[in-house]
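Below is a short briefing on a predicted model, arranged by topic for a reader who wishes to follow it alongside the coordinates.

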2 protein chains.
Amino acid sequence: MSSMSSPTSRMPSGERRESILAAATAVFGARSYAGTTTDEVAKAAGVSQPYVVRMFGTKQKLFLDVVDRAVQLTLSAFRAQLEGPAETRIERMGGAYVGLLAERGLLQTLNNAFLLGGDPEIGPQCRRLFVDVLHFVRNEVGMDSEQAFAFLGNGMLINTLVGLRLGGDYDRDPDVKDLYDACLGGGVGAALTLAPRADEPW
Amino acid sequence: MSSMSSPTSRMPSGERRESILAAATAVFGARSYAGTTTDEVAKAAGVSQPYVVRMFGTKQKLFLDVVDRAVQLTLSAFRAQLEGPAETRIERMGGAYVGLLAERGLLQTLNNAFLLGGDPEIGPQCRRLFVDVLHFVRNEVGMDSEQAFAFLGNGMLINTLVGLRLGGDYDRDPDVKDLYDACLGGGVGAALTLAPRADEPW
DNA sequence: GTCTATACAAAGATAGAC
DNA sequence: GTCTATCTTTGTATAGAC
């Protein structure tokens, strides 16, 4: 077995790329875009810092790739719910959204991205991706304007609860409990299990 | 007239403090917590960088003061709508929320704060403040669990649209238009006028 | 109350070896 | 494909003058 430091065991570039993207999603989600260091991403992925930069060019490009992947994963999760009875479609999509919590940092990374509209390079891509999601729910899922509004608002509130790491207050504050229940319906249990706790790094 | 550089015209410490907090709100809202430099805050406030640090101790304390002020301003805006007919109260509160866009960066700063739940110092205070708002709408305004859920989700979606700076797409994309209309009701006009554009620094 | 000068640490990116 | 070493810039915070 090769020594742990120095050349981390070789890996096909596609797999390595995916594992760095997943690690970066966790770190960006917990620390924000600017608050993330390429070194922390590297450590989380088990590679060296210069290697991360070398593979993605710049931290900014890495972030853009992470955000794009996050949106594609989200759309895939939604698309998987298109088959099946239309009456419960939106509810199933909500469940799929909660399932995305299994991808550490994904929802929080999206919310972070959605705050960077003022950045000349990041802003335009984030707007495009958000509009992609909007077009998907309106045109492919067939939601009307009111449904899309409610669905997206629900999603953003879930992101907030997750980003705040408010789950620890669920059984300490009845108002918090009510909000979680209204927001997550049957998915509360999954959300509380999957979401990061206040004291976890991510 | 005293020269523009060197001792900026003296100002009572309370006023200076408030003007730095307002400037910092704009910068934090546009650049996130980690992405903000104390120097940029200083420039926006028209004072020197060391002076900002000296007045607030650390960048972190400055941020905590900014976030606290943002929540207090929000609660004040809501409280001002408590008098008047109960039937339209929630709607009026929504209007008051849009009015907060006049305070540059306030809504975006809040959303940024709500993503920092994993920070050992910032997280606990942000949870407390969010729960304060929740308690206010439930107990002082008297919203039921469903109303609070819808109201807060609506708010978070507004924050997202503002942070993304999606207003420029309002009359370019019918789906975006519908979303703005559903989300902001009669307040669309105000929102589009008050929110920062994609190319503005804040 | 406010500034200039500066010390010191952190982090992105590059060069080049294996 | 992956690492070590390092250059360079930036940014927080301190010291001390006015």
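How do the residues of the surface near DNA strand D divide into nonpolar, polar and charged? They divide into 6 nonpolar, 10 polar and 6 charged, where Ala, Val, Leu, Ile, Met, Phe, Trp, Tyr, Cys and Pro count as nonpolar, Asp, Glu, Lys and Arg as charged, and the others, Gly among them, as polar.

Residues are numbered from 1 along each chain as its sequence is written, while chains are lettered from A and ligands numbered from 1 in the order in which they are written. As this is a predicted model, local features need pLDDT of at least 70 and side-chain atom pairs count only at pLDDT 80 or more, whereas totals for chains, interfaces and linings use all residues; side-chain values use heavy atoms, with hydrogens and water left out.

**DNA strand D**
- Of the 22 residues around DNA strand D (a heavy atom within 4 Å), A:Thr8, A:Ser13, A:Ser48, A:Tyr51 and B:Thr38 come nearest, and sugar and phosphate account for 67% of the strand's atoms that come within 4 Å of the protein.
- Among the polar contacts (pairs of N or O atoms within 3.5 Å), a polar side-chain atom of A:Arg16 lies 2.8 Å from a phosphate oxygen of DNA strand D, and a polar backbone atom of A:Ser48 lies 2.8 Å from a phosphate oxygen of this strand.
- From chain B, a polar backbone atom of B:Thr36 is 3.2 Å from a phosphate oxygen of DNA strand D.

**DNA strand C**
- DNA strand C is surrounded by 21 residues, of which A:Thr38, B:Thr8, B:Ser13, B:Arg16 and B:Tyr51 are the closest; by class, this surface has 6 nonpolar, 10 polar and 5 charged residues.
- A base nitrogen of DNA strand C is 2.9 Å from an N or O atom in the side chain of A:Gln49, whereas a backbone N or O atom of B:Ser48 lies 2.8 Å from a phosphate oxygen of the strand.

**Chain B with chain A**
- In chain B, 44 residues are in contact (heavy atoms within 4.5 Å) with 44 residues of chain A.
- The area buried between the two chains (accessible area lost on being put together, 1.4 Å probe, summed over both) is about 3800 Å², of which carbon and sulfur atoms give 67%.
- On the chain B side, B:Leu115, B:Phe149 and B:Leu164 lose the most area to chain A, together 18% of what that side buries.

Technical notes. Polar contact = N/O pair within 3.5 Å; in protein donor to acceptor, adjacent residues only side chain to side chain.
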